[in-house]
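Reader: I have the model open at my bench and I would like to understand the words people use for it. Could you take me through the reasoning behind each one?

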Amino acid sequence: MFGVEGDLKCLHLRKGEEGLTSTRVAELLAQNGPNVLTPPKETPEIIKFLKEMVGGFSSLLWAGAVLCFIAYLIEFSKDKSASMDNVYLGVVLIVVVILTGIFAYYQEAKSTNIIASFTKMIPRKAFVIRDGEKREIPAEQLVVGDIVEIKGGDQIPADIRILASHGCKVDNSSLTGESEPQSRTCHITHENPLETKNISFYSTTCLEGTATGMVINTGDRTIIGRIALLASSVGHEKTPIAIEIEHFVHIVAGVAVSIGIMFFIIAICMKYRVLDAIIFLIGIILANVPEGLVAAVTVSLSLTAKRMAKKNCLVKNLEAVETLGSTSIICSDKTGTLTQNRMTVAHLWFDNQVYQADTSEDQKDQIFDQSSATWASLSKIVTLCNRAEFAPSQESVPIMKKVVMGDASEAALLKFSEVIMGDVIERRKRNRKVAEIPFNSFNKFQLSIHETEDPDDKRFLLVMKGAPERIMEKCSTIMMHGQEQPLDESTAAAFQTAYMELGSLGERVLGFCHLYLPEDEFPDTYSFDVESMNFPTSDLCFVGLISLIDPPRSTVPDAVMKCRSAGIKVIMVTGDHPITAKAIARSVGIISANSETVEEIAKRLKIPVEQVNKREAKAAVVSGMELKEMSPEELDELLTYHTEIVFARTSPQQKLIIVEGCQRQDAVVAVTGDGVNDSPALKKADIGIAMGCVGSDAAKNAADMVLLDDNFSSIVTGIEEGRLIFDNLKKIIAFTLTKNIAELIPFLIFIIAGVPLPIGTMAILFIDLGTDVIPSIALAYEKAESDIMSRKPRHKKKDRLANHQLALYSYLQIGILQSVGGFFAYFTVYAVQGFKPDRLLYLRPLWENDSLNDLEDSYGQEWTKYQRKYLECTGYTAYFVAVMVQQIADVIIRKTRINSIFRQGLFRNKYIWVGIASQIIIAVILSCGFGSIPILNFTTLRVQYWFAAVPYAIVIWLYDELRKLLIRLYPGSWWDKTMYY
Amino acid sequence: MVNEKEKTGGQVLEEWKEFVWNPRTHEFMGRTGTSWAFILLFYLVFYGFLTALFTLTMWVMLQTVSDHIPTYQDQLATPGLMIRPKTENLEVLVNLSDTKSWNQHVQILDKFLEPYNDSVQAQKNDVCRPGHYYEQPDNGVLNYPKRACQFNRTQLGDCSGLSDPTHYGYSTGQPCVFIKMNRVINFYAGANQSMNVTCAGKRNEDAKNLGDFTMFPANGNIDLMYFPYYGKKFHVNYTQPLVAVKFMNVTPNVEVNVECRINAVNIATNDERDKFAGRVAFKLRIIKKT
C-alpha cells in the first residue's frame, strides 16, 4: 500500500537544483489538490438530533401520542365538547419523547470528532525551491516534486524523500509510537517505506540537523493522510451495551406491540367501540414502555464514568463504560503502557558476573555489589563518557523525574550514576574533559579524554563506550576486581555469553572501556585532535557491560495477573523488535513463566520448528513480516490456540487486522495505544483506550477512553467497574420491567372483566418517570455481590443483559404479584366506598356512561358520573400507591441477584434509601398536593390504604429470599437455571 | 455488528423452525418436554399460591366491610338529581307525528312507576307522618328489615299516567318528566326543614320557550318522611320520592334546556365540577308539524 517509486540508489541533490516551475506547480496543484487532509463528512447535527427522537422506545411513544390525537379527533367529530384528556396525554407523551431525546443527544454530542487533531498537526509554512529560488510558502501549496528544505524544530510539511541530510534526526513517535529519534539520510535502508531511512513523513518533527528532500506524497495521500482516512473509514462498532439495550428494547417493544394488537382485536371482538379500542391500545403501549429507563441507564453509566475518572480512566463515550467490563481480549501497546517509556539501566556485567539493577520507577534499591574496584572504574566511565545533562533549575525535582537533555540511553546512564554516586556534574567538573568524539552510527562508539581528579596523577584518562563488539575489538586487557588482566579466550567467551544473555533479554547492551594515557607520551600540555585521532584507540582495557531497557511499570505484572484471573487474554501488539517485545512480555507475565513458544519447544526438544505440535505451545511471538504472510484463517487459528501472544514489528494496518481477527472470535476487544498509527485500531476496537500523557491527540480522539496516568493497571480498575455496572444494569432493568406488568394487567382486566379502570395513564407516567427513577439509579451504586474479577468475561452473544430468566421472573412472577397487590388495594378502596368487587364486574359500560347519574352501588346508593369519576381517581391513586409500595420491596430485592439481602447489607448502599424516600415523598406530594389538579387524576388517599399492599410487598421480599436461597443451595439445578437472571 | 451479514429470509425461517421444534435436542420452543413440565408445574403452583393469597386478603378485607352501610360516604355528601325517562344524553324528544319516538319513553315510565301503584304501596309500606323523618334506629340490636313510607302514584296527579289517554302528556306535546334524588344511606335531606324541587329554563330564551309547567306533588315538595334511607339490604321496599313536572306549552321545534334543582338547606347545588350535584339539566324538544 505504501509503495515507493524509485530505485534503491541514493538520489543526490543536483547542484543548482532549480525545482519545479510555477506553471508546473499550478498544473500539479490543479491535478492533486492542495496539501491538506480532507475532513470527513459529518452528519448534520439536526439529523443526529432527530435520530435520537425516533430510536428505541421513542417510536412507540410517538405512536401512542398520535393515537391520542386520533382518539381525540374521533371523539371531537362526534361531540364538540369532547374531553381534552387525550390531547393532554398526547402532549405529555411528546414532551417525554423530546426530553429523553434531548437528554440522549446531549450525551451523544459530547463525543468529539476525530479529524480535528489531524488538522492541528498540519505545519504552517515550508521552505521550497521553485523556479531556481528558495522561498517560503504555506505548506498547503506543496505539490509532488517540490524540493523542500527542513531544519531542526520543523514539522515535515509532506511525505518527502531525503536528497541530502546533515545530521538530520526525526521524531516519528506520532506515527509509529516509538519515541527514539531516528536519523535520516539519503540511503535506502529497507524496502518498507516506513522503515527506510530516506523518507520523512508528513507531520513528524525534525529534531536536529537539516535536510533537503523531494515531496513524494501530499495531502490525503501521505501516510498520515491514509491513516486518517483509514481511521475515519473504520466504522465504529456498536458498543456491546448498545447492542444489549437494543436487544432489550426489541423484547419490550415486541411484547408491547403484540399485546397491544392482540387486545385491540379482542376489544373489537368484544364489541367495544373503535375509539375505546384505540384508547386501550395507548394504555397498553404506555404501560409496557419503561419511559424512565433510558434516562436511568444513561445516568448510571455516567455515574460509573465519574467513578472511573476518579481512578484515572476518562470515559469519552458513555457506553464504553460497560464495554470495558465485557472485554475478553486486551491488545496492549508496549511502550508507555506496559513499560515506563524511558530507558533504564537493567543489568551490569563486570568482574565476570551479571548484576541486576533496580528498574522500578524510583530506583531506590540498588543492591548490586558496589565495593569492587572494577565498579569504581566503570562508574567513572559511565559518568564521564556521557554528554547528557539535566535541564537547568530542577533542584527540587526527584532525580527520576528530572528532564534530561540528551538521548534516551545517555539519560538513563546519567540518572543511574546520579542515583548511585550523587552529583555527576560536579564529578565531571573535577575531571575536565579535554577532547571528545560523539557517538555516530559509523563509529558506533563514543569517546572522551579527561584530566583526572587526582592532582598528583598527571595522566589523561581516555574513556569509551559503544556497541560491545566494537569496544571489545579495541581492547587487549580486561579489568577483574580492579586489576587489568590480559584478555584471553576464556574471558572473551565469558564476555560473549554475557553479551548474548543480556541481548536475549531484549536489552540494549553497551560496552565500556578506558585507558590511562602514559604521562610521558601525553603530557598535560598535549593537544588532542579528534579529527586526526592523535591518541590510541586500541589496546584499551575492557571494564564492563551495562544493559538498558525500557522497563515494565511495576504495577503491570499484577494487573496482567488480574486480567488472567478475570479470563481476559492480554495480547501485546508493538512496533518494537520481537526480542525486546518478548522479553517485556515475559517480565510482565503476558507470556507466563512456564509457557513456551514453538521455537522454544523446538530448541528444547532439538527438533526442527516444523515438527513441533503447535497446540502444545501456549505462547507465540509473531512479527509483522510473518503476519503479512498469514491468511485470515491462519490468524484465527493463531488467536484460538495460543493464549499468550505477542505481535512485534506491526504496522497500523496489521494492528487493525489483529483487532478484526480477535473480533471474529466473538471477543470484545480493548485496544490501548498512543500514536497516530494506533488510531485506526483504536477506532475499530470495541473499546479504544488512549494514553493520556504520551498519547497523540489523534489517538485520544479515536479512543473511547483515555487513561490519564498511562497505567495499564487502571484498565483493570476500569474492567471491574464495567463488570459491576453490567450487573447493576441488570438489576435496574429487572426493577424497571417488573412494574410494567403491574401497569399492564389493569388494562387487560379492564378490557376483559369490564371493571372501572384501575390505573390511569398519567399515574403510569408518574410511576415510570417519577417514583421509580431515583431508586433505579440508586441501584447503580450497588456493590458487587462477589469477586467479579474472578469470573470469565461475559459472552457477547450468550450472556445477555436482559435474558429470558430476567424477563420471566420480572414479568410473570414479581410483576404478577405486584398486579395482584395493586388490585387488592383497588378493590379495597372501591369496597369501602360502596362498590364491592362483584358489583364492579362488567360495570364499565354503565360506569363510563356520562348521562347515567344515578348508578347504584352495592348498598343501593346512587352515584353521579362525577362522583364515580372521583372514586375512579381514588382507585388510580390506591393502585399507584400499591405499586409504589411494592416497588420499594422490589428495589430492595434487586440489590442482590444471588446473595441474601442481609449478606449484602441493607444499609451499605445509602442511595437506595434516598430512592425509597423519594418514592414515598413523590407519592405523598401527588396524592395530597396535586390531588386538586384534575388532569393528573390523583386524589387524597386515606392513610390506612397506603398500607394495603404492604403484605404483598413482604411476600415479594420473602419469595425473592427463597429464590436466592434455593439458587445458593442447588447451584446448577433446574431452579438455578430458570430463576437466576 | 456492522459487518454481520444480512440473514436471508430462508435462514430466518429455518432458525424459527428449529426454535419451534429442534429434532436434535427434542426441544420445543427452546425447552425439552421435562423442562416444559417443570415450568408449567412451577407456574401452576406459583399462581395457585397467588390466588390463595389474593383470596385470603380479599376475604379479610371484606370482613371489615359492613353489609348495611359502606365504610365511607364522603363521596356522596351531595346527592345528585336525575330524571325519568332516562334517555341518551338526557334529551327528551317528542315527535308528535311519530308515535314511536315517545312510545319508548312511555314504556319506560310505565315500568318505572309500577312499584308506585297505590295497591302495591298500601300492601308493602307504611303511612307515615309527613314533615318528619321516619327514623328506625337500631338501638344496639339490628332492627331490620326497615319499613318504608308510602309514595302513591296518585300523588303524581296528571303525571300519574293512570287512566291517562295522553300517555303522561307525550301524545299531546305536554310531557311529564320525573325528577328523583339519588339515594344516599343515612342522609337526612333538608336537615329537618321542608324542601322542594324547582325547574327553570337554563338561559333567558329557554325560559321563554319553556312556557308553563305544573309540578306534582304541589310545589315540587319532597317530604322528609322518605328519609333517611337505610340501604338496599335493610330498606327493602324503600320507595324513592318523585317530583313530576308537566310542561304545558313548550315552544315546539326548538331545543329547550331545562334545569331542575332541589332547594334544601343541606344540599349544595353549585358544585362547579359535578353538574348533577343537587340538580339535573336536560333538554326538551317537541317536534310538531305546523
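**How the labels are earned**

Author: Gladly, and let us begin inside chain A: six of the seven residues of strand 15 (residues 445-451) are buried, so this strand is largely enclosed by the rest of the structure. Please keep in mind that this is a predicted model.

Reader: What makes strand 15 of chain A and strand 16 of chain A a pair?

Author: Two strands pair if at least two bridges are found between them. Strand 15 and strand 16 (residues 460-466) of chain A have seven bridges, in the antiparallel sense, and are therefore a pair. One of the matches you can look up is His450(A), whose bridge partner in strand 16 is Leu461(A).

Reader: How do you know that strand 14 of chain A pairs with strand 15 of chain A?

Author: By the bridge count again: strand 14 (residues 433-437) of chain A is joined to strand 15 by four bridges, and the two run antiparallel. At least two are needed, so the four bridges suffice. Here Ile437(A) has Leu447(A) of strand 15 as its bridge partner.

Reader: Why is strand 19 of chain A called largely enclosed?

Author: Because eight of the ten residues of strand 19 (residues 508-517) of chain A are buried. Buried means under 20% relative accessible area.

Reader: Which strands of chain A are joined to strand 19?

Author: Strand 16 of chain A is joined to strand 19 by seven bridges, running antiparallel, and Val463(A) stands opposite His514(A) there. Strand 20 of chain A is also joined to strand 19 by seven bridges, again antiparallel. In that pairing Arg508(A) has Leu548(A) as its bridge partner.

Reader: Let me turn to a loop. Why is Val144(A) called partly exposed?

Author: Val144(A) has a relative accessible area of 29%. Buried would be under 20% and exposed over 50%, so a value of 29% falls in between and the residue is partly exposed. Val144(A) sits in the loop between strand 2 (133-138) and strand 3 (147-151) of chain A.

Reader: What does Val144(A) contact beyond its neighbours within four places in sequence?

Author: Its contacts include Leu20(A), Leu28(A), Asn32(A) and Val215(A). Asn32(A) is 112 residues away from Val144(A) along the chain, yet their C-alpha atoms are separated by 8.6 Å.

Reader: What makes the phi of Asp131(A) worth a mention?

Author: Most residues other than glycine have a negative phi. Asp131(A) has a phi near 50°, a positive value in a residue other than glycine. Asp131(A) is in the loop between strand 1 (125-130) and strand 2 of chain A. With a relative accessible area of 33%, Asp131(A) is partly exposed.

Reader: And what is the phi of Arg649(A)?

Author: Arg649(A) also has a positive phi near 50°. You will find Arg649(A) in the loop between strand 23 and helix 22 (652-664) of chain A. Its relative accessible area is 30%, and Arg649(A) is partly exposed.

Reader: Which residues of helix 18 of chain A are buried, and what do they pack against?

Author: Among the buried residues of helix 18 (residues 578-588) of chain A are Thr580(A), Ala581(A), Ile584(A) and Val588(A). The buried residues of this helix pack against strand 20 (540-549), helix 17 (556-565), strand 21 (569-573) and strand 23 (644-648) of chain A. Just after helix 18, Gly589(A) takes a positive phi of about 90°.

Reader: Over in chain B, what makes strand 5 and strand 9 edge strands?

Author: Each of them, strand 5 (91-95) and strand 9 (221-222) of chain B, pairs on one side only. The open sheet has five strands in the order 5-12-11-7-9, with mixed pairing. Within chain B, strand 7 (residues 195-201) is joined to strand 11 (residues 255-263) by six bridges, antiparallel.

Reader: Where are the cis peptide bonds at Pro85(B) and Pro228(B)?

Author: One joins Arg84(B) and Pro85(B), with omega about 0°, and Pro85(B) is in the loop between strand 4 (81-84) and strand 5 of chain B. The other runs from Phe227(B) to Pro228(B), with omega near -5°. Pro228(B) is in the loop between strand 9 and strand 10 (242-247) of chain B.

Note on methods
Residues are numbered from 1 along each chain as its sequence is written. Chains are lettered from A and ligands numbered from 1 in the order in which they are written. This is a predicted model: local features need pLDDT of at least 70, side-chain atom pairs count only at pLDDT 80 or more; totals for chains, interfaces and linings use all residues. Side-chain values use heavy atoms; hydrogens and water are left out. Buried means under 20% relative accessible area, exposed over 50%, partly exposed in between (1.4 Å probe, protein chains only). Contact means heavy atoms within 4.5 Å.
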